[in-house]
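This report walks through side-chain contacts and enclosed spaces. Keep the sequence and the 3D view open while reading.

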Amino acid sequence: MTQTRRPARRLRSVLAVIGAAVAATLVLAGCSAGSPSSGASASSDGGAFPARVTTAFGTTTVDAAPKRVVALGWGDAETALALGVQPVGASDWLAFGGDGVGPWLKNAYTKSPKIIGTLEPSYESIVALKPDLILDVNSSGDKTRYDTLSKIAPTVAVPKGGANYAATTAQQVTMIAKALGKVAKGKELLQSVDTAFAAARKAHPEFEGKTAVIGAFTSEGYGAYSSNDTRVQYMKKLGFTQPKKIDQLAGDQFSAKLSDENLDLLDADLTVILPIYQTVEQAEASPLFQKVPSVEAGHDIVFQQQSVRSAFSAGTVPALLWSLKRLPDQFSAKLG
């Protein structure tokens, strides 16, 4: 998954619109990324303003508790909602429709957000929302995207040292909680996830040390997620291990494309496949896939329910808690 850049002429036009439309908003909101504040204030749950969040592009300063948040990164909106803040604009990465969140956050909004595009967001639409904070934490790490967004409002970008949708749940929650002045609530959310994983691991000691491969099937064929991805991190927290060859193939990316020649890398004690814009039947149709040892032995799961595979993929606290009530038993039933 990579960022598709707009043509240079289009970007210059967007920047001109931003420059003209946002100047007054920036002055009123005092929203200059990295700018100091003359005084500090504390939020009710342990956050302090000005809040300074370290990102891959430096330090972003949020001078006061934000009132109009636009959440663009993968799962950023769900994280804000879990922290008690309703974005005025959000991106629907998993194509839920409606408010752009999964069933685990049904009715979380009192007022529906403006849905913003994912890989190529409408900067004009973002400007129109007059945000005082933009969240783009679990995102591409594209510098042009960041520079454009930061001209609109303080932007919390990808973590330092991270890029290409590789922010962990802990990084995402910690950074967003700090920017929103919800530090204590953020710690509470992460603790609830740790507790839920510990309970699932205790209930399923059979997971300990077993290998699991999380794959995907798209119109381009099969792929496998690396340890940089939240889905693999999920499995590791349950006690599973990741075959080293997949991480070696993926490098610093969150996934690796598999050719027919190396499809056997999907073999493990448990193989989990996520069809992406494809049917279960299409994902299972390949004779080569059927010959993968774990698949041949019946130790595989191809997720059928959209809500389940979306929960597994979202990587947000609400989605993790929802999925941990459902997935470990399914994994256990298929484990080799």
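## Salt bridges

Lysine 143 pairs with aspartate 147 in a salt bridge, with the closest N and O atoms 2.9 Å apart. Both sit in helix 4, four residues apart, so about one helical turn separates them. Lysine 143 is partly exposed at 43% relative accessible area. Aspartate 147 is also partly exposed, at 29%. The model is a predicted one. The count comes to five salt bridges.

Helix 6 (residues 183-203) holds another of these bridges, between glutamate 188 and lysine 185. The N to O distance is 3.3 Å. The two residues are three apart, about one turn of the helix. Lysine 185 is partly exposed, with a relative accessible area of 26%.

## A buried bridge and its ring

Is the bridge partner arginine 231 buried or exposed? Arginine 231 is buried, at 6% relative accessible area. Its salt bridge runs to aspartate 229, at 2.6 Å from N to O. Aspartate 229 is buried too, at 3%.

Arginine 231 also has a ring contact. Its charged end sits over the ring of tyrosine 225, 3.9 Å from the ring centre. Tyrosine 225 belongs to an aromatic cluster with Trp74, Trp93, Tyr165 and Phe254.

## Aromatic pairs

The structure holds 14 aromatic pairs. One of them joins tryptophan 104 and tryptophan 322, with ring centres 5.2 Å apart. The planes meet at 50°, and the pair is tilted. Tryptophan 104 lies in the loop between strand 6 (89-91) and strand 7 (114-116), while tryptophan 322 lies in helix 13 (residues 317-323), so the contact ties together parts that are 218 residues apart in sequence. Both rings belong to buried residues: tryptophan 104 has 13% relative accessibility, and tryptophan 322 has 18%. The charged end of arginine 326 sits over the ring of tryptophan 322, 3.8 Å from its centre.

Tyrosine 222 and phenylalanine 289 form a second pair. Their ring centres are 5.2 Å apart and their planes are at 10°, so the pair is stacked; the cut-off for stacking is under 30 degrees. Tyrosine 222 comes from strand 11 (residues 221-225) and phenylalanine 289 from helix 10 (residues 287-290). The pair links distant parts of the chain, 67 residues apart. Tyrosine 222 is buried, at 6% relative accessible area. Phenylalanine 289 is buried as well, at 0%.

## The largest cavity

How many cavities of 30 Å³ or more are there? The count is two. The largest holds about 110 Å³ of space. Its lining has 14 residues, and Gly75, Glu78, Trp93, Phe96 and Gly100 lie nearest the centre. Trp93 is also a member of the aromatic cluster.

Helix 2 (residues 76-82) gives the largest share of this lining, three residues. By class, the lining has seven nonpolar, five polar and two charged residues.

## The second largest cavity

The second largest cavity has a volume of about 50 Å³. Its lining includes Phe57, Asp136, Ser139, Arg145, Tyr146 and Leu149. Helix 4 (residues 143-150) makes the largest contribution, three residues. Helix 4 is also home to the bridge between lysine 143 and aspartate 147.

Which classes make up this lining? Five residues are nonpolar, four are polar and three are charged.

Technical notes
Residues are numbered from 1 along each chain as its sequence is written. This is a predicted model: local features need pLDDT of at least 70, side-chain atom pairs count only at pLDDT 80 or more; totals for chains, interfaces and linings use all residues. Side-chain values use heavy atoms; hydrogens and water are left out. Rings of Phe, Tyr and Trp (its six-membered ring) pair if their centres lie within 6.5 Å; planes under 30 degrees apart count as stacked, over 60 as edge-to-face and the rest as tilted. Buried means under 20% relative accessible area, exposed over 50%, partly exposed in between (1.4 Å probe, protein chains only). A charge sits over a ring if NZ of Lys or CZ of Arg is within 6 Å of the ring centre and within 35 degrees of the ring normal. On a 1 Å grid over the protein atoms alone, a cavity is a set of points where a 1.4 Å probe fits but cannot get out, and a pocket is an open set with protein on both sides within 12 Å along at least five of seven lines; lining residues have an atom within 4 Å of a point. Grid points are joined across faces, edges and corners, and a volume is the space filled by probe spheres set on the points. Ala, Val, Leu, Ile, Met, Phe, Trp, Tyr, Cys and Pro count as nonpolar, Asp, Glu, Lys and Arg as charged, and the others, Gly among them, as polar. A salt bridge is a side-chain nitrogen of Lys or Arg within 4 Å of a carboxyl oxygen of Asp or Glu.
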